[in-house]
Amino acid sequence: MKIILEEIKNTIKIEIKEFENQFFDLIKSKVTLIDKITHYIIHKKGKRIRPIFVFLIAKMLGKVQKKTYHTACVIELIHTATLVHDDVVDNSFFRRGSSSINAIWKNKTAVLVGDYLLSKSLLLATNNNYYDLLKIICKTIKNMSEVELFQIEKSLNINENIYNKIIYYKTASLIAASCEAGARSVNVDEKTALKMRRLGAFTGIAFQIKDDLFDYQETKENLTGKPVGIDLREKKITLPLIYSIQKSTKKEKEWILNSIKNYDEKKRGQIIAYVKKYGGLEYATKKMILFRNNALKILEYYPEGKIKKTLKIMINFIIDRNQ
């Protein structure tokens with residue numbers, strides 16, 4: 001999987017290198033502690049999925065320019081900030097196989113660093129008068145915050161429609177924003193920009209379902225180095241379990257909901273067996289593939305070429321990845 005991602009990046013090798021240079025310069029601070037933490041974040045960088053979408057969409061539709069690089073930086077700043085904040089909210093001490101910011105520097109510092117990164121993203125947009133980008137990212141941040149509280153409010157009372165809403169605003173909306181903003185950075189028309197947003201939304205939903213499936217692996221941790229079973233431990237009901245609950249008897253439904261309310265690690269194997277019994281993993285996989293296919297269909301309307309081919313590989317990578 002790592003080889004495939006490197007092949008994708010090679011298509012936009014120059015753009016990714018320049019983006020990383022600009023990103024590193026952007027998050028520098030005169031405050032030593034901030035620099036120390038941001039250096040740690042950079043060293044533990046992720047797959048850069050969102051900036052990759054920004055550049056691939058921009059290159060397919062036009063010519064990458066200054067605004068495209070700034071767009072990729074803004075998106076990655078928001079993504080990084082939300083991850084830092086999420087680890088505090090979820091009381092998670094690991095991120096990408098290493099200790100999280102809050103595990104090393106405690107919650108207060110982590111929250112403030114997340115705020116710092118968010119402020120950097122907004123300043124980059126406003127200082128360059130990117131009001132279209134500002135509108136996209138502010139709406140995305142608002143929706144991501146609201147849906148976290150919405151998920152807490154719903155607790156275990158989640159059906160598939162509610163689940164779809166949660167994963168769209170929680171994860172897919174930022175990938176959708178990446179694709180839309182990447183398109184707008186090369187001055188496309190409104191119809192094309194919204195098509196790219198839909199492509200990103202479908203891809204992002206498939207991405208989150210894949211993450212939810214990781215949580216049902218029977219090993220102690222997945223290939224990201226993150227322990228599995230996190231969703232169950234945090235009493236979060238995702239698609240495999242939602243489908244299984246719908247198909248089960250009343251007695252089994254009571255048992256599973258009670259098991260989640262009073263969760264302990266000893267019940268994890270039983271819950272996985274329950275989900276497998278009712279085909280929850282297969283159903284979630286089919287849905288993931290459906291959303292992936294919907295994203296690929298949008299690309300059919302655009303001319304063939306190296307960038308479009310790479311975009312197809314990227315969209316397929318989202319559901320084929322093992323981490």
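Tyr243 is buried, with a relative accessibility of 19%, where buried denotes under 20% relative accessible area, exposed over 50%, and partly exposed the range in between (1.4 Å probe, protein chains only). The model is predicted, so local features need pLDDT of at least 70 and side-chain atom pairs count only at pLDDT 80 or more, whereas totals for chains, interfaces and linings use all residues. Residues are numbered from 1 along each chain as its sequence is written, and side-chain values use heavy atoms, with hydrogens and water left out.

A search of the whole structure yields 10 aromatic pairs. Rings of Phe, Tyr and Trp (its six-membered ring) are paired if their centres lie within 6.5 Å; planes under 30 degrees apart are called stacked, those over 60 edge-to-face, and the rest tilted. The pair formed by Phe23 and Phe24 is edge-to-face, because the ring centres are 6.4 Å apart and the planes stand at 65°. Phe23 is buried, at 3% relative accessible area, whereas Phe24 is partly exposed, at 24% relative accessibility. The pair of Tyr243 and Tyr283, by contrast, is stacked, with 4.1 Å from centre to centre and 10° between the planes. Tyr243 belongs to helix H11 (residues 239-247) and Tyr283 to helix H14 (residues 280-299), so this pair ties together parts that are 40 residues apart in sequence. Helices (H or I, at least four residues) and strands (E, at least two) are DSSP runs, numbered from the N terminus. Ring pairs also join Phe19, Phe23, Phe24, Phe55 and Tyr69 into a cluster.

Rings are also found beneath charged groups. A charge is said to sit over a ring if NZ of Lys or CZ of Arg is within 6 Å of the ring centre and within 35 degrees of the ring normal. The charged end of Lys165 sits over the ring of Phe150, 4.5 Å from its centre, and that of Lys195 sits over the ring of Tyr301, 4.8 Å from the centre.

The largest nonpolar core contains 105 residues, of which Phe53, Ile209, Leu241 and Met314 touch the most other members. Such a core is a set of buried Ala, Val, Leu, Ile, Met, Phe, Trp, Tyr and Cys residues joined through side-chain atoms within 4.5 Å. Helix H8 (residues 160-184) provides the largest share of this core, 13 residues. With neighbours within four places in sequence left aside, the contacts (heavy atoms within 4.5 Å) of Leu241 include Tyr216, Leu232, Ile256 and Ile260.

Two further buried residues lie in helices. Glu20, in helix H2 (residues 13-26), is buried at 13% relative accessibility. Residues up to four places away in sequence not being counted, Glu20 touches Lys45 and Arg48. Ala58, in helix H4 (residues 49-61), is buried at 0% relative accessibility. By the same sequence rule, the residues touched by Ala58 include Lys63, Val64, Gly182 and Val186.

The second largest pocket is lined by 13 residues, with Lys135, Ile136, Lys139, Glu180 and Arg197 nearest its centre. On a 1 Å grid over the protein atoms alone, a pocket is an open set of points where a 1.4 Å probe fits, with protein on both sides within 12 Å along at least five of seven lines; lining residues have an atom within 4 Å of a point. Helix H7 (131-154) supplies the largest share of this lining, 6 residues.
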